[in-house]
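Thanks for coming, everyone. Please have a look at the model on the screen, and then I'll walk you through it.

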Amino acid sequence: QDLFQSPDYLQLDDLLTEEHKMIRDAVRNYVKQEISPIIEEYAQKAEFPRQIVKQMGELGVFGPTIPAEYGGGGLDYISYGLMMQELERGDSGVRSTASVQGSLVMFPIYEYGNEEQRKKYLPKLGSGEWLGCFGLTEPNHGSNPAGMLTNFKDAGDHVILNGAKMWISNAPFADIAVVWAKNEEGVVHGLVVERGMEGFSTPTTHGKWSLRASATGELVFDNVKVPKANILPNVKGMRGPLSCLTKARFGIAWGTVGAAMDCYDTALRYAKERVQFDRPIAGFQLQQKKLAEMITEISKAQLLNWRVAVLMNEGKVTPAQVSMAKRNGCEVAHNVCRDARQMLGGMGITGEYSVMRHMMNLESVITYEGTHDIHLLITGMDVTGLNAFS
Ligand code: FAD
């Protein structure tokens, strides 16, 4: 099957450099060769394909915007976006692994860590030798993470960490966790917690119908002794985790368009081949409406993402602009995948095609890193100056 005839209805390739196209094609080929052939099976058995972590490190999708001397790629945000788009064509869980590793683990260590921490962790994370996770959400604090209860107390050369995080991507296999917790004054700090520290456990979350090829778990801290050397020294308050989320949400905005592209490609090909009433179903107006709307929305989302990436490269982007792109990407992909699934009829509910898997995955993507509602409220607050959250 000739996978991934990328839709480029508005000739957006003209906006890309030769390097961007090379990077995009390299990740696209990787996904074709290594992800697409195996991912359905892993999703069906709800298992994370651990072997891909090393492969993705070699490919350079972990921390692509972090300088090369620290194990990143030293690339711009369009390159990063294109990588996430191509990974999520394969599977949202695979893209999630890259988003977490690059934007939620490597970025805070690079941006807020000291030189020792950068040298200790970043090269191993960039190469995929180590896998990281990001602990912000708690059982009783999801959309309002500032209310977190996880806390640490001073105990000489180390601190004692207590609390629990929930819904943490990569947690069951992670070698390290960047954890956000409050000190005795109630100020949020980032700590690097390492697997093997006494009192630290990572139970797996079972029974998910979404993001099944990505491992999710809890982080439980029972009087964990964390050396003070593991506290990220250069940030305090919610600015720390929120700045990480802005980077990751940017990648999600591009990634979701990748999932939408895969569903559009699949539906278009299927509609041209599937004959009912002696005609390909692509010839019926109802099916053409779906396809026409899909390609229109995909093209609009590509343009939005491209513009946000340019603003990000210029250091001018606002978190609210990234929220708009994340929310839009999720909405477009959600609608495209649902329509594509219907166009495939009964075949659309099987693992023979990728659309149902994408559709189920997007239920997580539309929820994590700020729910659809929360991103709408961020835009609402940005344009009115009035906070409707609380
Ligand atoms: P809640 O905050 O309880 O929200 C429930 C509903 O109420 C939502 O519809 C929400 O939009 C709505 N709502 C909440 N507040 C308001 C308001 N003020 N106004 C209007 N409506 C409101 N977290 C991490 O820290 N690290 C991870 O790696 C990670 N990975 C994840 C992976 C998966 C598969 C999933 C599902 C989640 C992951 N999360 C992770 C957690 C995710 O970020 C949270 O689930 C998300 O922020 C929502 O929090 P919640 O589930 O507690 O929902």
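I'll take the ligand shell, then a hairpin, then the core.

This is a predicted model: local features need pLDDT of at least 70, side-chain atom pairs count only at pLDDT 80 or more, and totals for chains, interfaces and linings use all residues. Residues are numbered from 1 along each chain as its sequence is written.

The ligand first. It is surrounded by 22 residues, each with its C-beta atom, placed from the backbone, within 6 Å of it. Leu-136, Gly-142, Ser-143, Thr-371 and Asp-373 are the closest. Strand 1 (132-135), strand 3 (158-169) and helix 10 (372-384) each give at least two residues to this shell. Helices here are DSSP runs (H or I, at least four residues), as are strands (E, at least two), numbered from the N terminus.

Now the hairpin. Strand 4 (residues 176-182) and strand 5 run antiparallel, joined by seven bridges; pairing takes at least two DSSP bridges. Ala-177 has Val-193 as its bridge partner in strand 5. Five residues sit between the strands, and Gly-186 takes a positive phi near 85°.

Is strand 5 (residues 188-194) mostly covered or open? Mostly covered: five of its seven residues are buried, meaning 20 or more other C-beta atoms within 10 Å of their own, with C-beta atoms placed from the backbone.

Last, the core. The largest nonpolar core has 111 residues. Such a core is a set of buried Ala, Val, Leu, Ile, Met, Phe, Trp, Tyr and Cys residues joined through C-beta atoms within 7 Å. Val-193 is among those with the most contacts inside it. Helix 6 (residues 239-273) provides the largest share, 17 residues.

Key:
Buried ≥ 20, exposed ≤ 12 C-beta atoms within 10 Å, placed from the backbone.
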